[in-house]
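Open the model in your viewer and keep the selection panel at hand. Each stop below says what to select and what is there.

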Amino acid sequence: MGSATEATKDISENLLGDKKVTVVFVLGGPGSGKGTQCANIVEHYGFTHLSAGDLLRAEIKSGSENGTMIQNMIKEGKIVPSEVTIKLLQTAILENGNDKFLIDGFPRNEENRAAFERVTGIVPEFVLFFDCSEEEMERRLLGRNQGRVDDNIETIKKRFKVFVESSLPVVEHYESLGKVKRIDAAKPIPEVFEDIKVIFSSLASKVMKLVIISS
Ligand SMILES: Nc1ncnc2c1ncn2[C@@H]1O[C@H](COP(=O)(O)OP(=O)(O)O)[C@@H](O)[C@H]1O
Ligand SMILES: Nc1ccn([C@@H]2O[C@H](COP(=O)(O)OP(=O)(O)O)[C@@H](O)[C@H]2O)c(=O)n1
Ligand SMILES: [Mg+2]
């Protein structure tokens, strides 16, 4: 086991080996614009975008043994067991040469959050939270047109319920740690990105590496 330095003393043993990463969690309701703005952040600030939903959809397509279970959960707007999603995120982080990641749509409940911290030892630099009304999110989801099985009004209502009951408490947890940067996501796309730029530009000027202790 490596020795903890001043900068790493609160990072526990983890399954990432000695890879050092900076992680920003991107959270917000379905349709709040997370994926759209992550693409902008990648382009301007050199992060790699990992969307938990995209990873789960790719897992379905790959013909994995978990595919049917994941598909059913997404169709119902339910949250897939943490071990499945964390494994996908962990593999994506390890396979990527970058050390800066936007993790979009994760953690979506308390179990996601606690298990990820326990398994990877990663503590987010901050949480970018997209604040948007359900009315606006519903409008966007119904117009998204990506052929998703969950962008129908019945599943959307279930996803909103899960968001309020399971995902908002995660945001509140990070709020209590002073880690949430809240964005008014109801504005037009370029204006939302202007607000995001202020946050990432100040981040870029800080030393912000997380050092992971290897065993
Ligand atoms: N600020 C915005 N104003 C209007 N439409 C938006 C905005 N941001 C994203 N959209 C559109 O809304 C839909 C959902 O956006 P997306 O980025 O997929 O959200 P999320 O990943 O949070 O579900 C997409 O069709 C996208 O083009
Ligand atoms: N951490 C996560 C993220 C997504 N998911 C599943 O994937 C679905 C789509 O997630 P997404 O992040 O692509 O959805 P949007 O918020 O981008 O619309 C969710 O409704 C869940 O069913 C999950 O189970 N666990
Ligand atoms: Mg998305």
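This is a predicted model. Start in the loop between β3 (100–104) and α5, and select Pro 107. Pro 107 has 29 C-beta neighbours inside 10 Å, so it counts as buried. Now show its contacts beyond four places in sequence: Phe 25, Asn 112, Arg 113, Phe 116 and Val 170.

Step to Arg 108, in the loop between β3 and α5. Buried or exposed? Arg 108 is buried, because 20 other C-beta atoms lie within 10 Å and the cut-off for buried is 20 or more. Leaving out residues up to four places away in sequence, Arg 108 touches Ile 79, Ser 166 and Ser 167.

Colour the annotation next. UniProt, in an unreviewed entry, gives a "binding site" feature that includes Pro 107 and Arg 108. The feature also lists Arg 57, Lys 78, Ile 79, Val 80, Gly 105, Phe 106, Arg 148 and Arg 159.

**Along α7**

Select residues 153–176, helix α7. The helix has 24 residues and spans 33 Å from its first C-alpha to its last, close to the expected 34 Å. Where does α7 bend? Look at Phe 163: the bend there is about 40 degrees.

Show side chains for Arg 159, Phe 163, Ser 167, Val 170 and Val 171, which are buried in α7. Two of these names came up earlier: Val 170 is in contact with Pro 107, and Ser 167 with Arg 108. Arg 159 is also one of the positions in the UniProt feature just coloured.

Which elements do the buried residues of α7 pack against? Display β1 (22–28), α5 (110–120), β4 (126–131) and β5 (180–184). Just after α7, stop at Gly 178, where phi is positive, about 70 degrees.

**From β1 into α1**

Go to the loop between β1 and α1 (34–45) and select Gly 31. Gly 31 is buried, because 25 other C-beta atoms lie within 10 Å. Beyond four places in sequence, the contacts of Gly 31 are Met 137, Glu 138, Arg 140 and Leu 141.

Move on to Lys 34, in helix α1. Lys 34 counts as buried, because 22 C-beta neighbours lie inside 10 Å. Outside its neighbours within four places in sequence, Lys 34 contacts Val 26, Gly 28, Asp 104, Gly 105 and Phe 130.

Finish with another "binding site" annotation from the unreviewed UniProt entry: Gly 31, Ser 32, Gly 33, Lys 34, Gly 35, Thr 36, Arg 144 and Lys 187. Gly 105, a contact of Lys 34, belongs to the UniProt feature that also names Pro 107.

Definitions and conventions: Residues are numbered from 1 along each chain as its sequence is written. Chains are lettered from A and ligands numbered from 1 in the order in which they are written. This is a predicted model: local features need pLDDT of at least 70, side-chain atom pairs count only at pLDDT 80 or more; totals for chains, interfaces and linings use all residues. Helices (H or I, at least four residues) and strands (E, at least two) are DSSP runs, numbered from the N terminus. The expected span of a helix is 1.5 Å times one less than its number of residues. The bend at a residue is the angle between axes fitted to the seven residues ending there and the seven starting there. A residue is buried if 20 or more other C-beta atoms lie within 10 Å of its own, exposed if 12 or fewer, and partly exposed in between; C-beta atoms are placed from the backbone. Two residues are in contact if their C-beta atoms, placed from the backbone, lie within 7 Å. UniProt positions are given in the numbering used here, feature names are shortened, and annotations may be inferred rather than shown by experiment.
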